[in-house]
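Me: Please take a close look at a single part of the structure shown below. I should like one connected answer that begins with the chain as a whole and then turns to the part that you have chosen.

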Amino acid sequence: MSADPCARGRRPRPLSPKPVAGVADPGPRSLTATTFTHRTCWVGRVVSAMITLLIVSCANFASPPAITPAIIENARPDHASAKELVTGRNLFVSRCLECHTLPSVTKHSPDEWPHLVSRMSGRANLSASDQSAIIAYLRAASFVRH
Ligand code: HEC
């Protein structure tokens, strides 16, 4: 009857024989309604698979490095505490993607980040302490010590 894989092994359930109080019996389910249900089932599966893929891939490349002992060590010359680095990372992920995608922390060097962040700070409306926390985080996260 139908070539839809979602329809395989399934039959439209017979309508409940009990009439709903006050509602006229709608009669047997029409063919169009049945086809529509099956199509929705198939489309639903594809859409949920796509949404899952999107979430997984975004989670992977949008997440800048978390505060690790190595990053805390990198921030030592700047006298930035672990707490300030956490604040800086939180501000970075929440405030620096209002206008564009989050830049990768390794896109610029520790020497380049301060002036870039101060150039963006006016636009992002950041206070001086927000700014220095973001700079401390980006400077420390932008390189790996060897
Ligand atoms: C109000 C909008 C806005 C906000 C908020 C914002 N930016 Fe930008 N950003 C821009 C625009 C517009 C450009 C492109 C033009 C330019 O480079 O000036 C840009 C460009 C950049 C670039 C590219 C420069 C390059 O050569 O790679 C970097 C890096 C960057 N922003 C970092 C940041 C960081 C870090 C923050 C958070 C502190 C931030 N942005 C917040 C608007 C914004």
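**A pair of packed helices and its surroundings**

Reply: In this predicted model, 73% of the contacts in the protein chain between residues at least 6 apart in sequence join residues at least 24 apart. The chain has five helices and zero strands, and its elements follow the order α-α-α-α-α from the N terminus. Of its 146 residues, 16% count as buried. The part chosen here is the pair formed by helices α3 and α5.

Two packed helices are described by the angle between their axes and by the distance between those axes. Helix α3 covers residues 82-95 and helix α5 covers residues 128-141. Their axes are 7 Å apart, and the angle at which they pack is about 95 degrees. Angles of 65 to 115 degrees count as roughly perpendicular, and therefore α3 is roughly perpendicular to α5.

Which residues make this contact? From α3 come Glu84, Leu85, Thr87, Gly88, Arg89, Leu91 and Phe92. From α5 come Asp130, Ala133, Ile134, Ala136, Tyr137, Leu138 and Ala140. Sorted by class, the contact consists of nine nonpolar, two polar and three charged residues.

Ile134 of α5 shows this packing from the position of one residue. When its neighbours within four places in sequence are left aside, Ile134 is in contact with Gly88, Leu91, Phe92 and Val117. Gly88, Leu91 and Phe92 also belong to the α3 side of the helix contact. Val117 falls within helix α4, which spans residues 113-124.

The next step is to consider the nonpolar core. In soluble globular proteins, nonpolar side chains tend to be buried together. The largest nonpolar core here has 16 residues, of which Leu85, Ile134, Ala136, Tyr137, Leu138 and Ala140 touch the most other members. Helices α3, α4 and α5 are the elements that give two or more residues to this core. The largest share comes from α5, with eight residues. Leu85, Ile134, Ala136, Tyr137, Leu138 and Ala140 are also named in the contact between α3 and α5.

Some residues around the pair may now be added. Ala128 lies in helix α5, yet Ala128 is exposed, because only 12 or fewer neighbours are needed for that class and Ala128 has 9 other C-beta atoms within 10 Å. From Ala128 to Ser118, ten residues apart in sequence, the C-alpha to C-alpha distance is 9.2 Å.

The loop between α2 (69-74) and α3 contains His79. His79 has a phi near 55 degrees, a positive value in a residue other than glycine, and it counts as exposed, with 8 other C-beta atoms within 10 Å. Pro77 lies in the loop between α2 and α3 as well, and Pro77 is exposed, with 10 C-beta neighbours inside 10 Å. Although Pro77 and Ala136 are 59 residues apart along the chain, their C-alpha atoms are separated by 10.0 Å.

In the loop between α4 and α5 lies Asn125. The phi of Asn125 is near 60 degrees, again a positive value in a residue other than glycine. Asn125 counts as exposed, with 9 C-beta neighbours inside 10 Å.

Leu102 belongs to the loop between α3 and α4. Having 15 other C-beta atoms within 10 Å, Leu102 is partly exposed. Leu102 and Phe92 are ten residues apart in sequence, and their C-alpha atoms are 8.2 Å apart in space.

Finally, there is the ligand. It is surrounded by 13 residues, the closest being Cys96, Cys99, Met120, Arg123 and Ala124. By class, this shell has eight nonpolar, one polar and four charged residues. Helix α4 gives the most to the shell, with five residues. Met120 lies in α4 and is partly exposed, with 17 C-beta neighbours inside 10 Å. The C-alpha atoms of Met120 and Cys96 are separated by 8.4 Å, while the two residues are 24 apart along the chain.

To draw the picture together, α3 and α5 pack at about 95 degrees, and α3, α4 and α5 each give two or more residues to the largest nonpolar core.

Notes
Residues are numbered from 1 along each chain as its sequence is written. This is a predicted model: local features need pLDDT of at least 70, side-chain atom pairs count only at pLDDT 80 or more; totals for chains, interfaces and linings use all residues. Helices (H or I, at least four residues) and strands (E, at least two) are DSSP runs, numbered from the N terminus. A residue is buried if 20 or more other C-beta atoms lie within 10 Å of its own, exposed if 12 or fewer, and partly exposed in between; C-beta atoms are placed from the backbone. Two residues are in contact if their C-beta atoms, placed from the backbone, lie within 7 Å. Axes are lines fitted to C-alpha atoms, for helices over the stretch in contact, and angles run from 0 to 180 degrees between N-to-C directions. Angles under 35 degrees count as roughly parallel, over 145 as roughly antiparallel, 65 to 115 as roughly perpendicular and the rest as oblique. Ala, Val, Leu, Ile, Met, Phe, Trp, Tyr, Cys and Pro count as nonpolar, Asp, Glu, Lys and Arg as charged, and the others, Gly among them, as polar. A residue is near a molecule or strand if its C-beta atom, placed from the backbone, lies within 6 Å of it. A nonpolar core is a set of buried Ala, Val, Leu, Ile, Met, Phe, Trp, Tyr and Cys residues joined through C-beta atoms within 7 Å.
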